[in-house]
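Me: I would like a close look at a single part of this protein, the open sheet, and at how that part sits within the rest of the chain. Please take me through it in a connected way, with the residues named.

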Amino acid sequence: MPKPILWLRCEKKEFERRAALTPTTSSKLIAAGFNVVVERDEQRIFDDSEYEAVGCTLVDNNSWPTAPTSTPIIGLKELPESTDPLPHTHIQFAHCYKQQAGWSKVLSRFHRGGGTLYDLEFLQDANGRRVAAFGFHAGFAGAAAGALALAAQRGGNELGLLTPFANEGAMVNNVRELLGGSGKGVRALVIGALGRCGRGAVDLFRKIGLEENDILKWDLDETAKGGPFSEILEVDIFVNCIYLTSQIPSFVTHEQVIAAGKGRRLSVVVDVSCDTTNPFNPIPIYNINTTFDKPTVPVDVGSGLPALSVISIDHLPTLLPREASEQFSSDLLPSLLEFPERETSRVWADAKRLFLEKKAEAVKAEGL
Ligand SMILES: NC(=O)c1ccc[n+]([C@@H]2O[C@H](COP(=O)([O-])OP(=O)(O)OC[C@H]3O[C@@H](n4cnc5c(N)ncnc54)[C@H](O)[C@@H]3O)[C@@H](O)[C@H]2O)c1
């Protein structure tokens, strides 16, 4: 029997330093009998030598199109736009199952090439929960960005360029230092605190030194009474981490912020959920996604009132590429070990069924 292969391709998306396979998970796959091929990639947070050291076979950057079509290609983010047919099997986030812009063009590349897509967003366990997701580090990094914005605001400045941190410790130290040594005294409210992102946000606040009583943790029970919530105006940082599924009353409104006048404590809102353009966005006080080079957008509060800014970056885990990759990849590992039996393994068979459904819709939409 030939060894099963997984080919880790490079990432081409700007700022993306994360990887679907880490040296740790690669070494576990190799121990289980896989041949792991890794494209050299300077953009990746892990050095090529770290993969080489655990026994991966290193190949040229972006050379996957030359791999035998029977070789499964694994990556994280979508491939660069193109009309080239895709004959391989790809495991990745493709962002084309929810009618996103260009969805049918992406899927028609698989149709024309005869390839298969296993979308990482839709790999689910028997209870319908995603087998691997980046939420925890999104919340963690979002809360850190919020604390950094608060520190900047206290110094009369706006938060400047955010760049990925080498590791979690470096991020925590940086935030503590800019808050004058500790986050003690800062008050924060996390809504969606029981979810992946929410747990990450709470963890960051603990690690930078907020007192437990100063971290308000809300989930469905606490918001059941319906917003807007005056409690949000009484903390320094509000982090929204909910998974929005339907229309709900706003958590905080512009009118409420203005009416609070000088008595408002709220300085920074971090919208990790980023339902920015969703008509049901429960934080209708801003309307753009912010970016690493301009992380905050000011809320128009009129003159003479304390500043209020919003962070709404939709790829926060990129700020912690090492830990975010390690966690995601280790959560994915049990499923990857089943990949050679993908025709019968439930998680992969379900994902393939979904791909075939979506591909058929795309074929119809494109008139192929
Ligand atoms: N900004 C980013 O970089 C980034 C990265 C990953 C995920 N996200 C987004 O973050 C959101 C949360 O993701 P997750 O993986 O943590 O989801 P999750 O399902 O693990 O957690 C969501 C939590 O929100 C709670 N919730 C839902 N509706 C609520 C309400 N009305 N009031 C209070 N609590 C409510 C749920 O009970 C749950 O505990 C999603 O929208 C996801 O797309 C953003």
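**The open sheet and its surroundings**

Reply: The domain assignment divides the protein into domain 1, which covers residues 5–132 together with 320–366, and domain 2, which covers 135–319. This is a predicted model, and the centres of domain 1 and domain 2, taken over C-alpha atoms, are separated by 32 Å. Where the two domains touch, domain 1 contributes 10 residues and domain 2 contributes 13 residues; on the side of domain 1, five of these residues are charged, four are nonpolar and one is polar.

The sheet itself is open and is built from six strands, which run in the order β3-β2-β1-β4-β5-β6 with parallel pairing. Its edges are formed by β3 (57–59) and β6 (116–119), each of which pairs on one side only. As a general point, strands of a sheet pair through backbone hydrogen bonds, in either a parallel or an antiparallel sense.

Going from β1 towards the β6 edge, one can follow the pairing strand by strand. Strand β1 (residues 5–8) pairs with strand β4 (residues 73–74) in the parallel sense over two bridges, and here W7 stands opposite I73 of β4. On the next step β4 pairs with β5, again in the parallel sense and over two bridges, and I73 appears once more, with H90 as its bridge partner in β5. Strand β5 in turn pairs with β6 in the parallel sense over four bridges, where the bridge partner of I91 is Y118 in β6.

Strand β5 (residues 89–92) deserves a slower reading, since T89 and I91 point one way from the strand while H90 and Q92 point the other way, and all of them are buried. In a regular strand the side chains alternate between the two faces of the sheet. Both H90, the bridge partner of I73, and I91, the bridge partner of Y118, are therefore buried residues, with their side chains pointing in opposite ways from β5.

Beside the β6 edge lies helix α3 (residues 103–113), in which V106, L107, S108, R109 and F110 are buried. The buried residues of α3 pack against β6 and also against α10 (346–366), and the helix is followed by G114, whose phi is positive, near 80 degrees.

For the wider setting, the largest nonpolar core holds 103 residues, among which A147, V190 and A201 touch the most other members. Its largest share, 12 residues, comes from α4, although the core draws at least three residues from each of the two domains. In soluble globular proteins, nonpolar side chains tend to be buried together. Around V190, leaving aside residues up to four places away in sequence, the contacts include G198, A201, V202, I215 and W218.

The shell around the ligand can be set beside this core, for α4 (135–154), α6 (196–207) and α7 (220–223) each supply at least two of its residues, and the largest share, three residues, comes from α6. There are 25 residues around the ligand, of which G135, A138, G192, G195 and C197 come nearest. By class, the shell consists of 15 nonpolar, seven polar and three charged residues.

Terms used. Residues numbered from 1 in each chain as written. Predicted model: local features only at pLDDT ≥ 70, side-chain atom pairs only at ≥ 80, totals over all residues. Pairing = 2+ DSSP bridges. Near = placed C-beta within 6 Å. Nonpolar A, V, L, I, M, F, W, Y, C, P; charged D, E, K, R; others polar. Domains from an automatic or database assignment. Contact = placed C-beta atoms within 7 Å. Core = buried A, V, L, I, M, F, W, Y, C linked by C-beta atoms within 7 Å. Buried ≥ 20, exposed ≤ 12 C-beta atoms within 10 Å, placed from the backbone.
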